[in-house]
Amino acid sequence: MSRIGKSPITVPSGVTVAVTPGNVKVSGPQGSLERSVPEGISLNQEGDVLTVSRIDDAREHRALHGLLRTLVANMVIGVTTGFTKELEIVGVGYRCEAKSPGSLQLALGYSHPVFVDAPAGVTFEVPAPTRIIVKGIDKEQVGQVAANIRKLRKPEPYKGKGVRYAGEHVLRKAGKAAK
């Protein structure tokens, strides 16, 4: 039995979970999320507790058991509090500017500014010219948008310039040695 899959999910007050064959929908104060449930995995709701179970011990069902439990738990957390990912910009002249809640203008050392538009359900905050906060209710989407922004200029190993996650440690290399 999966250690993660067998633990129940507690549904807080104000959150509704609708389980239909092959689908689960979670609605809360922040919004609503929907996900398909693969065959062989079932969701059972008893009051405010949600449990995930599988029909047999086939390799595919064992793999999906813990995964689906974690995905549904992340959906419940997302519609109640939401998710954030913080990015830092390091480098001389590297900065960020919010054009609107869903649009960023980045100066990352290129000859032109880079514009990033947020998909539906994701917003940006710029508390400082070198910090970006990506917010949303879908954990996967927030992480992917943050990864796409980081991919625009990854931190390089010699001077450490680029876009990095907040608190990320960049391994630095030694430069050229003098003779």
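In this predicted model, strands β3 and β4 run antiparallel and are joined by 5 bridges. Within this pairing, N23 of β3 has S36 of β4 as its bridge partner. The two strands form a hairpin with 4 residues between them, and G31, which lies in the turn, has a positive phi of about 155°.

The hairpin belongs to an open sheet of 3 strands, arranged in the order β2-β3-β4 with antiparallel pairing. Its edge strands are β2 (16-20) and β4 (32-36), each of which pairs on one side only. From one strand to the next, the twist averages 10°. On the β2 side, strand β3 (residues 23-27) pairs with β2 in the antiparallel sense over 5 bridges. V26 of β3 is the bridge partner of V17 in this pairing. In a regular strand, side chains alternate between the two faces of the sheet.

Helix α1 (residues 59-80) lies across β3 and β4. Relative to β4, the helix runs at about 170°. The length of α1 was compared with the value expected for its residue count: at 1.5 Å a residue, its 22 residues should span 32 Å, and the end C-alpha atoms are 33 Å apart, which agrees. The helix is followed by G82, which has a positive phi near 85°.

Sheet and helix also contribute to the nonpolar interior. The largest nonpolar core has 20 residues, and those with the most contacts inside it are V24, V26, L43, L50, L68 and V72. At least two residues of this core are supplied by each of β3, β5 (41-46), β6 (49-54) and α1. The largest share, 7 residues, comes from α1. An α-helix has 3.6 residues a turn, so residues three or four places apart point the same way.

The surroundings of V24 illustrate the packing within this region. When neighbours within four places in sequence are left aside, V24 is in contact with V17, A18 and V19, and with L33, E34, R35 and V37. Its remaining contacts under the same criterion are L43, V72 and M75. Of these partners, L43 and V72 are, like V24 itself, among the residues with the most contacts inside the largest core.

A second core, separate from the one described above, has 19 residues. Its members include C96, V116, F124 and V142.

Conventions: Residues numbered from 1 in each chain as written. Predicted model: local features only at pLDDT ≥ 70, side-chain atom pairs only at ≥ 80, totals over all residues. Heavy atoms only, no water. Pairing = 2+ DSSP bridges. Axes fitted to C-alpha atoms, helices over the stretch in contact; angles between N-to-C directions. Contact = heavy atoms within 4.5 Å. Core = buried A, V, L, I, M, F, W, Y, C linked by side-chain atoms within 4.5 Å. Buried < 20%, exposed > 50% of the residue type's maximum accessible area, 1.4 Å probe, protein only. Expected span 1.5 Å × (residues − 1).
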